[in-house]
Amino acid sequence: DFMNVKRLADSLVRKYNTRNPFEIISNLNAIVVFYPLHGVKGFYQYFQRNNIIYIDETLDDTEKSFVCAHELGHMLLHKKANAIFMDSHTQLNTTKYEIEADRFAVDLLIPDETILENGQMTTEQLGRMLGYSKDLIELRLK
């Protein structure tokens, strides 16, 4: 349910006073590993009671941030699914889990103020300004 996803993102921002997913993750004692993942942007793993987020080290900073936020979404929303969520460069994320993780990421990374202040922009323009795809902006506006 998208409202719950947004509420979760907003509550983390309030609690840790940041939208930076790396800062939030360090507060949650999760582990981030940068590694050349070859065709996978990132994945989340729950292993021996540790939350581990792997991020492709070759991504640019905006993408690293997004992938980090997306994997944090899996960690918080889908841990019980007990799956390794691979976020590949090739397939479009269509599963419920992936869409929820994308939704969490854009809710975390894009504040309401940014949306309100740029209300005259198209989703394409907003996406270009923020460095996200039109699809992700549309998801954020839902």
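**Exercise 1. A salt bridge inside one helix**

Find where Lys134 and Glu138 lie in this predicted model, and describe how their side chains meet.

*Solution.* Start with the location: both Lys134 and Glu138 belong to helix 7, and they sit four residues apart, about one turn of the helix. Next, look at the charged atoms. The closest N and O atoms of Lys134 and Glu138 are 2.9 Å apart. A salt bridge needs the nitrogen within 4 Å of the carboxyl oxygen, and Lys134 does form one with Glu138. Finally, check the surroundings: Lys134 is partly exposed at 34% relative accessible area, and Glu138 is partly exposed at 33%.

**Exercise 2. From one pair to a network**

Work out which helices are tied together by Arg140 and Asp107, and whether these two residues are buried or exposed.

*Solution.* First, confirm the contact: the side chains of Arg140 and Asp107 meet in a salt bridge with an N to O distance of 3.7 Å. Now place the partners. Arg140 is in helix 7 and Asp107 is in helix 4 (residues 96-109), so this pair ties together parts that lie 33 residues apart in sequence. For burial, the cut-off is under 20% relative accessible area. Arg140 has 6% and is buried; Asp107, at 0%, is buried as well. As a last step, follow the shared partners: salt bridges join Lys6, Asp10, Arg103, Asp107, Asp112 and Arg140 into one network.

**Exercise 3. A hairpin and a link to a helix**

Describe how strand 2 and strand 3 pair, then find the element that Lys41 connects to strand 2.

*Solution.* Begin with the strands. Strand 2 (residues 40-47) and strand 3 (residues 50-56) run antiparallel and pair over six bridges. One position to look for is Gly42, which stands opposite Ile55 in strand 3. Then turn to the connection: the two strands make a hairpin with two residues between them, and Gln48 in the turn has a positive phi of about 45 degrees. Now go to Lys41, whose side chain meets that of Glu63 in a salt bridge (3.4 Å, N to O). Lys41 lies in strand 2 and Glu63 in helix 3, so the pair ties together parts 22 residues apart in sequence. Glu63 itself is partly exposed, with a relative accessible area of 30%. The count for the model is eight salt bridges.

**Exercise 4. Aromatic rings**

Classify the ring pair of Phe22 and Phe34, and do likewise for Phe66 and Tyr132.

*Solution.* A pair of aromatic rings is described by the distance of the centres and the angle of the planes. There are three aromatic pairs in total. For Phe22 and Phe34, the centres are 5.9 Å apart and the planes 35 degrees apart, which makes the pair tilted. Phe22 is in helix 2 (residues 21-27) and Phe34 in strand 1 (residues 31-35), so the pair ties together parts twelve residues apart in sequence. Phe22 is partly exposed at 26% relative accessibility, and Phe34 is partly exposed at 39%.

Now take Phe66 and Tyr132. Their ring centres are 5.9 Å apart and their planes stand at 50 degrees, so this pair is tilted. Phe66 is in helix 3 (residues 61-77), while Tyr132 is in the loop between helix 6 (123-130) and helix 7 (134-141); the pair links distant parts of the chain, 66 residues apart. Both Phe66 and Tyr132 are buried.

Definitions and conventions
Residues numbered from 1 in each chain as written. Predicted model: local features only at pLDDT ≥ 70, side-chain atom pairs only at ≥ 80, totals over all residues. Heavy atoms only, no water. Phe/Tyr/Trp six-rings, centres within 6.5 Å; stacked < 30°, edge-to-face > 60°. Buried < 20%, exposed > 50% of the residue type's maximum accessible area, 1.4 Å probe, protein only. Pairing = 2+ DSSP bridges.
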